[in-house]
Amino acid sequence: MTVREPLVLGIETSCDETGIGIVRGRTLLSNTISSSMDEHARFGGVVPEVAARAHLEALQPAIDAAVAEAGIALTDVDAVAVTSGPGLAGALMVGIGAAKALAVGLDKPLYAVNHLVGHIAADLLTGADVDYPTVALLVSGGHTSLLLVRDLVSDVELLGETLDDAAGEAFDKIARILGLPYPGGPEIDRAAAGGDPAAIHFPRGLSRASDMAAHRYDFSFSGLKTAVARWVEQAEASGQQVAVGDVAASFREAVVDVLVTKALDACAQHGVPRLLLGGGVIANRRLREVALARAAEAGVAVRIPPLSLCTDNGAMIAALASELIASGRAPSSLAFGADSTLPVTEIQVAGEATG
């Protein structure tokens, strides 16, 4: 099937948000998200089994809401798309099972796509073209990745990724250390608003000259997390009152500094004057401010999709499938499964049609 403006329903269940999106070509018709974040809050982080059960409960209502918002009938869709990875295996399986059932029941082609590449495709729904090549920095609760995108549907290269905690996980863990609620990102942001980002110099992981050969574009936040924990422990042991605002602001500055420095270094080294930001952590206002300011100094254009399209959502999955369809790609077979560690270079899974 080659359709220039296919009507695609996308399903995203890689973590704790059940996302159903409907697009026509590059036009967004619906972006319905049901989050189970409140159910995970008492555990201080995402619990895979809880996430999978929440997806089971939310999928049908979310599909119904998305179809109603788009003003279509379910039978109108030209194709179904779903995240096959990376993500939590159990959560992915719920979305994949639903997508396969829909595709078979509606007799529509099915496209199994990469979650991370979907974040890049989200920018297409703003109505503007993505100029290639572009460097993409994806920052979320589960992923921190730096990509070189030469072509959205055929050529995405992983430049670097986190070797331990993703940036979002680091925010959650530091929030817990500071006695702040889950999720940590917004809480750290609020606390940092009243703090001094230069009060404490926390380490910038994998940023020394000795790291450049093997880990130039990789990220590591475990050392930073440990440094913050030790600073707080020492302050409490000496009877000092912990200045939560200063700690939060200094921690946030260290994370932002590393993310932006490595992203702009990738732009410079590859001769690419474009940077695309994606993922839920892009909601952090300090990250956006620093990225825009430093990119302007470096002559790099920055694109940031609307925040509703930065968090995990089904619309970005539908958008990526729409591009695959428009380029003439065959649908996926029904033989694919959940792949929690799906490499970003695998944009579409099981692309050969059966029969």
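**Exercises on a predicted model**

Lysine 262 sits in helix H9. The model is predicted.

**Exercise 1.** Work out whether lysine 262 is buried or exposed, and state what its side chain meets.

*Solution.*
- Step 1. Take the relative accessibility of lysine 262, which is 4%.
- Step 2. Apply the cut-off: buried means under 20%. Lysine 262 therefore counts as buried.
- Step 3. List its contacts beyond four places in sequence. Among them are Leu146, Gly205, Leu206, Ser207, Met212 and His215.
- Step 4. Look for a polar partner. A polar atom of the lysine 262 side chain lies 2.8 Å from the backbone oxygen of leucine 206.
- Step 5. Check the separation from serine 207. The two residues are 55 apart in sequence, yet their C-alpha atoms are 8.4 Å apart.

**Exercise 2.** Find the buried residues of helix H6 and name helices that cover them.

*Solution.*
- Step 1. Scan residues 184–192. The buried ones are Gly184, Glu187, Ile188, Asp189, Ala191 and Ala192.
- Step 2. Identify the cover. It includes helices H5 (167–177), H9 (244–270) and H10 (285–298).

**Exercise 3.** Trace the six-stranded open sheet and explain why one side of E3 and of E11 has no neighbour.

*Solution.*
- Step 1. Write the order: E3-E2-E1-E4-E5-E11, with mixed pairing.
- Step 2. Go to the edges. E3 (27–35) and E11 (348–349) each have a single partner strand, so one side of each lacks a neighbour in the sheet.
- Step 3. Inspect E1 (7–12) and E2 (17–24). They run antiparallel, joined by six bridges. Isoleucine 11 stands opposite isoleucine 20 in E2.
- Step 4. Add helix H2 (48–70). H2 packs on the sheet, touching E1, E2 and E3, with its direction at about 25 degrees to that of E2.

Notes. Residues are numbered from 1 along each chain as its sequence is written. This is a predicted model: local features need pLDDT of at least 70, side-chain atom pairs count only at pLDDT 80 or more; totals for chains, interfaces and linings use all residues. Side-chain values use heavy atoms; hydrogens and water are left out. Buried means under 20% relative accessible area, exposed over 50%, partly exposed in between (1.4 Å probe, protein chains only). Helices (H or I, at least four residues) and strands (E, at least two) are DSSP runs, numbered from the N terminus. Contact means heavy atoms within 4.5 Å. Two strands pair if DSSP finds at least two bridges between them. Axes are lines fitted to C-alpha atoms, for helices over the stretch in contact, and angles run from 0 to 180 degrees between N-to-C directions. A polar contact is a pair of N or O atoms within 3.5 Å; within protein, one must be able to donate a hydrogen and the other to accept it, and residues adjacent in sequence count only if both atoms are side-chain atoms.
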